[in-house]
Amino acid sequence: MLRRVVVVGGTHGNELTGVYMLDALREQPPMTPSPGVEVQLLLANERASAAGRRYVDQDLNRCFGASLDSAPSPNDTYEQKRAREIRDFLARDGSRADLVLDLHNTTSHSGCMLIVSHAEDAFVMQMVSFVQQRVRHRFPDVPCHILLVQHADGTVPIKNLGSVAVHDIGIELGPQPHGVLHAALFQLGRHVVELCLEFVAAFNAASLTAKTSPVTTAPAAATTT
């Protein structure tokens, strides 16, 4: 059962779909997946978003590796400090967020790309398949691909913001020039977020049903030896 979902925008400050998505979701909140589920909104790189830049000192999405656990230093960049703040937010009270949806843009003609890090994460693989099928049905002219960012040995090349959560999906929409908001891609992104929350609701409902349904067993067949 998932209890905490975090929608992230502005990991890169000049990728505006996520930045404006947070404002839209505040004005018109998304469907609550199910009772007891908290949907939170996080503007990741606040300074870069305000300045309309990808980052201030360094790429925030590259600050969640081994250096994240090192002791703070006066020489830390803004993004290194922000990464620690985000880690503490996502892993508050010793419990990690169940799901991060991290919105990005690209200048390439990718349409909608659903980025996952672990093929063995059955929940995420089912979710992106669910989203892909419904995006293709509603937007038949928009490509929708699933991108697995994982080496053959199962390792992940880079730990990004979403790696702090239990599950994470990168949602990359394009083509969109940096610093520009494309209305059609924005609507596509909103639909993808809502589909993810719809899947969480269905997953939680199935989990509750499995926990509350009586367990029955068939009588064993008679055997002879």
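What follows is a short back-and-forth about a predicted model of one protein.

Student: Let's start with the overall make-up. How many helices and strands are there in the protein?
Tutor: Walk along the chain from the N terminus and the elements run β-α-β-α-α-β-β-α-β-β-α. Sorting them by type gives five helices and six strands.

Student: What box do the C-alpha atoms fill?
Tutor: The protein has 225 residues, and 47% of them count as buried. Its accessible surface comes to about 11,600 Å², with 54% of that belonging to carbon and sulfur atoms. Taken along the principal axes, the box is roughly 75 × 45 × 40 Å.

Student: And what about charge: how far apart do the centres of the positive and negative side chains lie?
Tutor: There are two sets to think about here, 19 positive side chains and 23 negative ones. Their centres lie 2 Å apart.

Student: Now the sheet. What order do its strands have?
Tutor: The sheet is open and holds six strands, with mixed pairing. At the edges sit β2 (38-43) and β5 (144-148), each of which pairs on one side only. From one strand to the next, the twist averages 20°. Read across, the order is β2-β1-β3-β6-β4-β5.

Student: Do me a favour and zoom in on β3 and β6. How many bridges join them?
Tutor: Strands of a sheet pair through backbone hydrogen bonds, either parallel or antiparallel. Here β3 covers residues 99-105 and β6 covers residues 167-174, and the two run parallel. You can pick out partners by eye: Leu 99 goes with His 167, and Asp 102 goes with Gly 170. The number of bridges is seven.

Student: Is β4 parallel or antiparallel to β6?
Tutor: Strand β4 takes in residues 111-116, and five bridges join it to β6. Among the pairs, Met 113 has Glu 172 as its bridge partner, while Ile 115 stands opposite Gly 170. The direction is antiparallel.

Student: Which residue in β5 does Ile 115 stand opposite?
Tutor: Besides β6, strand β4 also pairs with β5, through five bridges, and those two strands run parallel. β4 itself is mostly covered, with six of its six residues buried. Opposite Ile 115 in β5 you'll find Leu 147.

Student: How many residues of β6 are buried?
Tutor: Take the two faces in turn. His 167, Ile 169, Ile 171 and Leu 173 point one way, Asp 168, Gly 170, Glu 172 and Gly 174 point the other way, and all are buried. That makes β6 largely enclosed by the rest of the structure, because the buried count is eight of the eight.

Student: Which helix lies across β1, β2 and β3?
Tutor: Look at residues 78-90, which lie across β1 (4-9), β2 and β3. The helix there runs at about 175° to β2. Its name is α3.

Student: Is Gly 9 buried or exposed?
Tutor: Gly 9 lies in strand β1. Not counting residues up to four places away in sequence, Gly 9 touches Gly 18, Val 19, Leu 22, Leu 42, Leu 43 and Ala 44. Its relative accessibility is 0%, and the cut-off is under 20%, so Gly 9 counts as buried.

Student: What separates the C-alpha atoms of Gly 9 and Met 21?
Tutor: Along the chain these two residues are twelve residues apart. In space, their C-alpha atoms are separated by 7.2 Å.

Student: Any backbone oddities? Which peptide bond is cis?
Tutor: Most residues other than glycine have a negative phi, and most peptide bonds are trans. In this model, there is a bond with omega near 5°. It leads into Pro 175, whose place is in the loop between β6 and α5 (183-212). The cis bond runs from Gly 174 to Pro 175.

Student: What is the phi of Asp 93?
Tutor: Asp 93 is found in the loop between α3 and β3. It is exposed, with a relative accessible area of 78%. Its phi is positive in a residue other than glycine, at a value near 55°.

Student: Last one: what share of the contacts with a separation of 6 or more comes from residues 24 or more positions apart?
Tutor: Count the contacts in the protein with a separation of 6 or more, then keep those between residues 24 or more positions apart. The share is 77%.

Definitions and conventions
Residues numbered from 1 in each chain as written. Predicted model: local features only at pLDDT ≥ 70, side-chain atom pairs only at ≥ 80, totals over all residues. Heavy atoms only, no water. Pairing = 2+ DSSP bridges. Helix = DSSP H or I, 4+ residues; strand = E, 2+ residues; numbered from the N terminus. Axes fitted to C-alpha atoms, helices over the stretch in contact; angles between N-to-C directions. Contact = heavy atoms within 4.5 Å. Buried < 20%, exposed > 50% of the residue type's maximum accessible area, 1.4 Å probe, protein only. Areas by Shrake-Rupley, 256 points an atom, 1.4 Å probe, with all protein chains shown as cover. Lys, Arg positive; Asp, Glu negative; His and termini not counted. Charge placed at Lys NZ, Arg CZ, Asp CG, Glu CD.
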